[in-house]
Amino acid sequence: SSRVCNAIHYEADLDMNCLHRLLFGYEKSSDNDDRYHIGGATVISQNTFALISQNEINSSEARELDELFKILLSSYVTIKAEIEKRDKNGQSLCIICCSHPIQAEFRPCAHQACISCMCHHLMTNNECFFCKTIIRHAVDLRGNIIEIGGYGTRLRPLTLTKPKPLVEFCNKPMVLHQIEALVQAGVDHVILAVSYLSDMLQRDMETEAKRLHITITISQETVPLGTAGPLALAREHLKTDNEPFFVLNSDVICEFPFGEIIEFHKKHGHEGTIVITKVEEPSKYGVVVYEINTGKIQRFVEKPREYVSNKINAGLYIFNSSILERIQLKPTSIEKEVFPAMAKDEELYAYELKGFWMDVGQPKDYLTGMGLYLNYVRHSNPDRLSHETCIVGNVLIDSSARIGERCRIGPNVVIGPNVVVEDGVCLKNCTVLSDSLVKSHSWIANCIIGWRCIIGQWVRMENTTVLGLDVVVQDELFINGGTILPHKSISESVTEPKILI
Amino acid sequence: MLKAVILIGGPQKGTRFRPLSLEMPKHLFPVAGYPIIHHLIESCIKVSELREILLIGSYQPNEALSRFIANAQQSFNISIRYLQEYTSLGTAGGIYHFRDLIKSNLSESFFVINGDICGDLPLTQMLEFHRQHVGGKGFTILGTEATEKQSCNYGCIAWDKKTNEVKHYVEKPETFVSTTISCGVFLFSKGIFQILSDTYKKNQQIYKDECSSEPSFLINDVTRYETRECIRLEKDVIAKLAGTGQLFIYPMSDKFWSSIKSAGSVIYANRHYLEMYRMYYPERLAINSDVKNTPTIIGDVFIHPTACVAPSAVLGPNVSIGHDVSVGTGVRIRESIILGNCVLQDHCCVLYSIIGWNSTIGPWTRVEGTPSDPDPNKQFSKIEQDSLFHDGKLHPSITVIGNNVSVPGEVILLNAIVLPHKELGSSSKNQIIL
């Protein structure tokens, strides 16, 4: 098919001449120089390494090889012609791989490259190839933001070894915070819309479903469906009893007052309710303009340049099943396509969230959210927090963890199950995930320590350092903003923020 | 009587040693627990015939210097005197100026040692060589090997390998001359005084000639006067003696030798002197014992008897702790010098640093520097004499905390230089803090 051919030809290392030689040997030109040309595919040379001259290849296989090469060759010729035409028209190639055309730009620096190179680069690096500016996002040539990376990349390296819904936030898997709150409000069927399905997720969700006596269905998209498409995918589950259904962004943490949201939604009786929240820097997100008395939403403004409103979309919605008429099974953005249409039809209302709110999808926000959540726990259920002598401020420690003497833990620290913290350790504003060991006299602030890590003695870590699974940091090192991928052993200090793979 | 003269210069020298030398002469700086000159005096003492040491410099007699000399007199039981130059007279001018004092009771020769070097000096062997091969009229210079590139930072000696005669001497040449460099240690026979006298007179003549062509109101200029009396040992004397058949070189084997110019070289010298203690003064090194209330010691560590170290602290390798220092619980110190009266509070970590007198390091604080050790891949490599800045940024080096500095808890000081009497507020990396 042409898609397969395109994919093969765009590989930077493919050389058709080499392929021909490998398959069929070569035919020396009459000038007796060493160059060969792509001649007829049936030429069999004296070279015994050519695939087609091996004894194991029978004649029908030889014919198939012949066919294959002819197809590849003709598509190659077509593509080459296109590229030449394009170059004539001034469209350029990505200068990194020189095979794909330029398809996207980084923001804010506007340097260009093809999507394939960008994806590869962004897996381990957040700086522009050319100018080292920190990349905020990428846009296509028309200026629309494109998804690059996918699969919970903002919380890497933690999400490299565990699906994002299962990464613990304050000693509970992120998704479980939401599920448990939903169950309390009377929800009995939860659908997880994922793009990448892992066994771990499936197994854990089965266990949780049994424990909470609810049904958990996993709906997996095989092609990217954007933020609204997954609803269409889960259509049969959602249309069952004509009751309204919640839609939640899995990175959001707040008090989850679902009962009140349901009441508000039923009261106004329209098609959809968006939960909104007040933030300090609304222009980072996208603001909602609505009537204060009724809650009716008038419009949305993406990243306003002047102050419009300080309320943003909190990522929690409740809809009547009639919304499914508006969504087709294709990549659709709920914020850009569905909501504006609903607002025009005056069917969209806003519920103002009280209490804390945070999108914890990035390490820095994860830590901020942790602080907000712990503060909430202090007011709602203070017995959950730890009250020993070495504790300062809000600290949550799992009962199976062990803390040594003369430590100072807190403020805003979460310590997971089976963690061992030796004597004289100072922890501030950080999360230590399960089974890790922090050796004596270390000082750790504003970090996320992954599972099964070992931090040596007299180590200093700060500035949003994130350690993946099974990272070992040797004694007496200084890690300043390092992002360390799983199974890595660090033996040298990291004095300036960087990613270690 | 055999004598030694140690040249200790004056306050204008040793500026690269700041901030440590801001309030104390560089030569009194303690390395491995004892002042630099103390180690040099100990090297001299090893020569059993040596009975008098003269320190020549242009420092005003200050309390630290006087106290040191008084203590040294008592501990070493030989005559030690400080002769103050009225003004800086150059590296050899002082020898000429005090020639009568040096000559009195002098039997044959005397050592001249540059005060800012350190090493395992083979003075006894050098004396024997001088007596056997050089004789009563010659002069011997101690030499060692360096790499080609680094030799240009020192005085280079070109010599005849068979006779050990010095053929040529150049101080800090711009192009490569020889890998053999001068250690700053000399053994002069009495003939040196004649040479110094000739040089002095020649300088006076040059001055007079220059003066006669100058307008009279410039003649009283103090600097001109200084230049007139100044004799430079390397340039005016040694360089001139090379090739005359009177100057010979005694090559040091590859024992430790280094010049002390910067904080980095002090840490390096600290390490080597501690290592030398294993051979010459093992009682000075701290022992790692299994006794319950003693700290953990790794490698060579010097702890002053008045210092107080918590049992959970881990010290070493290559650490010197000064008098009355208090080291708290769970403190880690490595490759560093802690000067007198400091307080290191619980759980702090000090690596590759020098902490000045009376300073305090708060709990959980990290003070870290970067060593500037010689290249381990090159034989005879010496410590790098890097400039302070590199491409506009501060070159990573040993962290130096001046005296009376207060560092709060839980911060990091990385490759920083902190001037004395400062109360820090926050972390700092790669900076000089005034």
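A residue counts as buried when its relative accessible area is under 20%. In this predicted model, Cys97(A) has a relative accessible area of 18%, so Cys97(A) falls on the buried side of that cut-off. As for where Cys97(A) sits, its place is the loop that links helix H3 (59-88) to strand S1 (104-107) of chain A. Another residue to look at here is Ala113(A): 16 residues separate Cys97(A) and Ala113(A) along the chain, and their C-alpha atoms lie 8.8 Å apart.

Moving on to the strands of chain A, S15 covers residues 348-352 and is mostly tucked away, with 4 of its 5 residues buried. The partner here is strand S11 (residues 272-278) of chain A, which pairs with S15(A) in the parallel sense over 5 bridges. Within this pair, Thr273(A) stands opposite Tyr349(A), a residue of S15(A).

Further along chain A comes an open sheet of 5 strands, ordered S19-S22-S25-S28-S31 and paired in parallel. Its edges are strand S19 (408-409) and strand S31 (478-480) of chain A, each of which pairs on one side only. As a general point, the strands of a sheet pair through backbone hydrogen bonds, and they do so either parallel or antiparallel. Inside this sheet, strand S22 (residues 426-428) of chain A runs parallel to strand S25 (residues 443-445) of chain A, and 3 bridges join the two. Here Cys426(A) stands opposite Trp443(A), which belongs to S25(A).

Now for chain B as a whole. Its secondary structure adds up to 10 helices and 34 strands. The C-alpha trace of chain B spans about 65 × 55 × 45 Å along its principal axes. How does that chain stand against a compact globule? For 434 residues, such a globule would have a radius of gyration near 22 Å, and the 23 Å of chain B agrees with this. Buried residues account for 55% of the 434 residues in chain B. Among the contacts in chain B with a separation of 6 or more, 59% come from residues 24 or more positions apart.

On the outside, chain B has an accessible surface of about 18,700 Å², and carbon and sulfur atoms make up 50% of that surface. As for charge, chain B carries 41 positive and 42 negative charges, and the mean positions of the two sets are 3 Å apart.

Notes:
Residues numbered from 1 in each chain as written. Chains lettered and ligands numbered in written order. Predicted model: local features only at pLDDT ≥ 70, side-chain atom pairs only at ≥ 80, totals over all residues. Heavy atoms only, no water. Rg over C-alpha atoms; globule rule 2.2 N^0.38 Å. Buried < 20%, exposed > 50% of the residue type's maximum accessible area, 1.4 Å probe, protein only. Contact = heavy atoms within 4.5 Å. Areas by Shrake-Rupley, 256 points an atom, 1.4 Å probe, with all protein chains shown as cover. Lys, Arg positive; Asp, Glu negative; His and termini not counted. Charge placed at Lys NZ, Arg CZ, Asp CG, Glu CD. Pairing = 2+ DSSP bridges.
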